[in-house]
Amino acid sequence: MIYLTRIEHFNAAHRLYNEHWDEEKNISIFGKCANQNWHGHNYELHVTVKGKANPETGFIMNAKELSRLIKEKITDVLDHRNLNVDVPFLKGLQPSTEVLAKCIWQQLEPSIKECQLHCIKLIETHAIYVEYFGEE
Ligand code: NI
């Protein structure tokens, strides 16, 4: 089994808050991320697929096609957007890095045909990232 990773970037704004909680509780749980006028992140996205190398191409998947899919399904939808209000696939969800990684998986997975999606790694800051492997 061979693993191939494509790295992409996007910038987006969000706010973490729970509308059922008062301001004090939101601040105590989410800290600065609850700032009501939003804040931004420069996200780095690693999409890893796995499979066997095709003997004719040597590829498990054409990296150009993977890049095109990520652009069409993910970065064109998320880049320079407000994750709380602009993104149809995040509607009604808390736009945390964890939830975002899972949603990115769900958007990409059906389009990856010749091999398997293995991991969505989403880096929010230099100090924190999440990885999602498709498990519930
Ligand atoms: Ni944040």
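1. In this predicted model, five strands make up an open sheet in the order β3-β1-β2-β4-β5, and their pairing is mixed. The edge positions belong to β3 (81–82) and β5, each of which has a single partner strand, so one side of each lacks a neighbour in the sheet.

2. At one edge, β3 pairs with strand β1 (residues 2–14) in the parallel sense over two bridges. Within this pairing, A12 stands opposite R81 in β3.

3. At the other edge, strand β4 (residues 116–125) and strand β5 (residues 128–132) are antiparallel and share five bridges. These two strands form a hairpin, with two residues between them. K121 is placed opposite E131 in β5.

4. Two helices should be viewed together with the sheet. Helix α2 (residues 63–78) lies across β1, β2 (39–51) and β3, and runs at about 20° to β1. Helix α3 (residues 97–108) also packs on the sheet, where it touches β1, β2, β4 and β5; its direction makes about 150° with that of β4.

5. Along the chain, three helices and five strands are found. Read from the N terminus, the elements follow the pattern β-α-β-α-β-α-β-β. Of the contacts between residues at least 6 apart in sequence, 68% join residues at least 24 apart.

6. As to overall dimensions, the C-alpha atoms fill a box of roughly 60 × 25 × 25 Å along the principal axes. Of the 136 residues in the chain, 38% are buried. The chain exposes about 8,400 Å², of which carbon and sulfur atoms supply 49%.

7. Regarding charge, the chain carries 15 positive and 19 negative side chains, and the centres of the two sets are 4 Å apart.

Key. Residues numbered from 1 in each chain as written. Predicted model: local features only at pLDDT ≥ 70, side-chain atom pairs only at ≥ 80, totals over all residues. Heavy atoms only, no water. Pairing = 2+ DSSP bridges. Helix = DSSP H or I, 4+ residues; strand = E, 2+ residues; numbered from the N terminus. Contact = heavy atoms within 4.5 Å. Axes fitted to C-alpha atoms, helices over the stretch in contact; angles between N-to-C directions. Buried < 20%, exposed > 50% of the residue type's maximum accessible area, 1.4 Å probe, protein only. Areas by Shrake-Rupley, 256 points an atom, 1.4 Å probe, with all protein chains shown as cover. Lys, Arg positive; Asp, Glu negative; His and termini not counted. Charge placed at Lys NZ, Arg CZ, Asp CG, Glu CD.
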